[in-house]
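Please find below a short note for a colleague who has not yet worked with this structure. It should be read alongside the sequence and the coordinates.

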Amino acid sequence: MIYRLPPLNALRVFEAAARHLSFKEAAAELHITQAAVSHQIKTLEDFLGIELFRREGRGVQLTEAGRSSLPKLREGFDALAAAVETIHERSAETQLIITAPPVFAARWLMPRLAGFSARAPDIEVRVVGSSKMVDAGALDAAALMGDFDPRGETSGVEIHLGTGEYPGLRADRLFGVAMVLVASPDLSPPLREPADLAHHVLLHDDALDLVAQGNAWQKWLEAAGVADSIDGNRGPRFSTNMLSIEAASQKLGVALALRPMVDADLASARLVEPFGIEVNPGSAYYLVCPEVIADRPAVAAFRAWLLEKAGEPASARFSAPASAAARSASRATPGRAAGAPNRSPAGSAPGRKPRSARRRAAASRSR
């Protein structure tokens with residue numbers, strides 16, 4: 001059969017412009033000029049003999065013909081991408097790019113990645129840390145995998161911390177998170193109850209505010225019952241949770257962090273969680289990739305390994321081996337399990353939490 005098709009590049013430009021309802025945004029996505037978008041749309045309209053867009057003020061709207069043709073056109077592009085994928089020989093593919101939030105890459109993935117390398121020694125892994133992997137909510141598929149080319153020889157997957165709404169992409173939930181307060185065990189004066197935070201610097205970071213969809217400190221202080229007496233806006237800001245956690249370990253103040261990302265720090269007593277108050281932001285980590293590459297050998301091997309690790313019991317999944325000092329301390333403290341997080345007041349000797357702090361923690365959990 002001989003297909004009478006318009007120029008495929010013009011169809012591609014039309015799909016992008018129709019999705020954005022903007023020639024300007026389509027031009028930015030396709031890395032061409034706005035004039036080039038207008039030219040391609042005009043070429044397509046001339047070929048079809050019908051108007052696809054109606055210009056309204058500074059914007060554009062689809063005509064009925066343009067709107068009705070868009071779903072089938074998207075199906076066609078999906079089928080075309082799948083056909084290209086089938087043509088390509090993937091058995092020799094050896095490179096996988098993993099893009100993840102910096103704190104996930106450094107504190108969860110790195111301690112485990114040697115296990116994947118041992119299982120799949122022929123796959124060359126490249127890990128990229130990016131704060132863009134922390135989502136404020138649902139994302140348009142067009143905003144994800146923006147540079148992905150299904151014709152390329154390199155596969156790419158992303159780890160997102162968000163709500164799991166990634167239309168058009170395969171998303172596998174790994175595990176949820178909980179927001180907790182952490183501090184150096186040598187912090188002075190010690191933290192015995194949440195009201196003591198009035199005497200300490202609050203360390204903020206943009207990633208936690210994004211996860212909390214607002215001021216993360218304010219939400220934690222509300223859960224602790226001290227929001228009326230402590231200003232949740234004061235204190236320095238950091239761009240990532242990695243930096244605020246490091247600042248807390250250096251006694252620059254107290255930080256909020258996500259469990260399980262700090263479980264190894266708590267197990268080794270590098271950090272302590274004085275109050276046991278957790279705030280659930282409703283987010284989780286997800287493995288995200290385009291459907292068209294989900295069955296590539298490198299992607300499938302990494303997905304199977306990652307889901308296996310994410311499904312391990314909490315003790316194996318979240319905790320790195322404790323330091324020698326922490327192991328000695330746990331052996332010297334009767335009744336305490338080796339590697340258990342240190343929940344004693346920051347800046348004081350390990351021991352039972354003050355009664356007032358226990359009451360506040362219980363009240364927070366009941367809420």
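The points below take up confidence, one helix and the salt bridges in turn.

1. The model is predicted, and its mean pLDDT over the chain is 80, with 76% of residues reaching 70 or more. Among the elements, strand β7 (residues 178-182) has the highest mean pLDDT, 96, and helix α12 (residues 324-332) the lowest, 34. Residues 317-344 have pLDDT below 50, yet this stretch has 49 contacts beyond near neighbours in sequence in the model. In residues 138-143, pLDDT likewise stays under 50, and the model has 11 contacts beyond four places in sequence for them.

2. Helix α10 (residues 297-310) comprises 14 residues and spans 20 Å between its first and last C-alpha, close to the 20 Å expected. Its buried residues are Ala298, Val299, Phe302, Trp305, Leu306, Lys309 and Ala310. They cover an arc of only 140° around the axis, and therefore lie on the same side of α10.

3. The count of salt bridges comes to 18. One of them joins the side chains of Arg19 and Glu29, at 2.9 Å from N to O. Arg19 belongs to helix α1 (residues 8-20) and Glu29 to helix α2 (residues 23-30), 10 residues apart. These two residues also take part in a network of salt bridges with Glu15 and Arg74.

4. Two further pairs deserve attention. Glu75 and Lys72 form a salt bridge, with the closest N and O atoms 3.9 Å apart; both lie in helix α4 (residues 64-87), about one turn apart. Arg259 and Glu273 meet at 3.1 Å, and both are buried.

Key. Residues are numbered from 1 along each chain as its sequence is written. Side-chain values use heavy atoms; hydrogens and water are left out. Helices (H or I, at least four residues) and strands (E, at least two) are DSSP runs, numbered from the N terminus. The expected span of a helix is 1.5 Å times one less than its number of residues. Buried means under 20% relative accessible area, exposed over 50%, partly exposed in between (1.4 Å probe, protein chains only). The arc is that of the directions from the helix axis to the C-beta atoms. pLDDT is the predictor's confidence in each residue, from 0 to 100. Contact means heavy atoms within 4.5 Å. A salt bridge is a side-chain nitrogen of Lys or Arg within 4 Å of a carboxyl oxygen of Asp or Glu.
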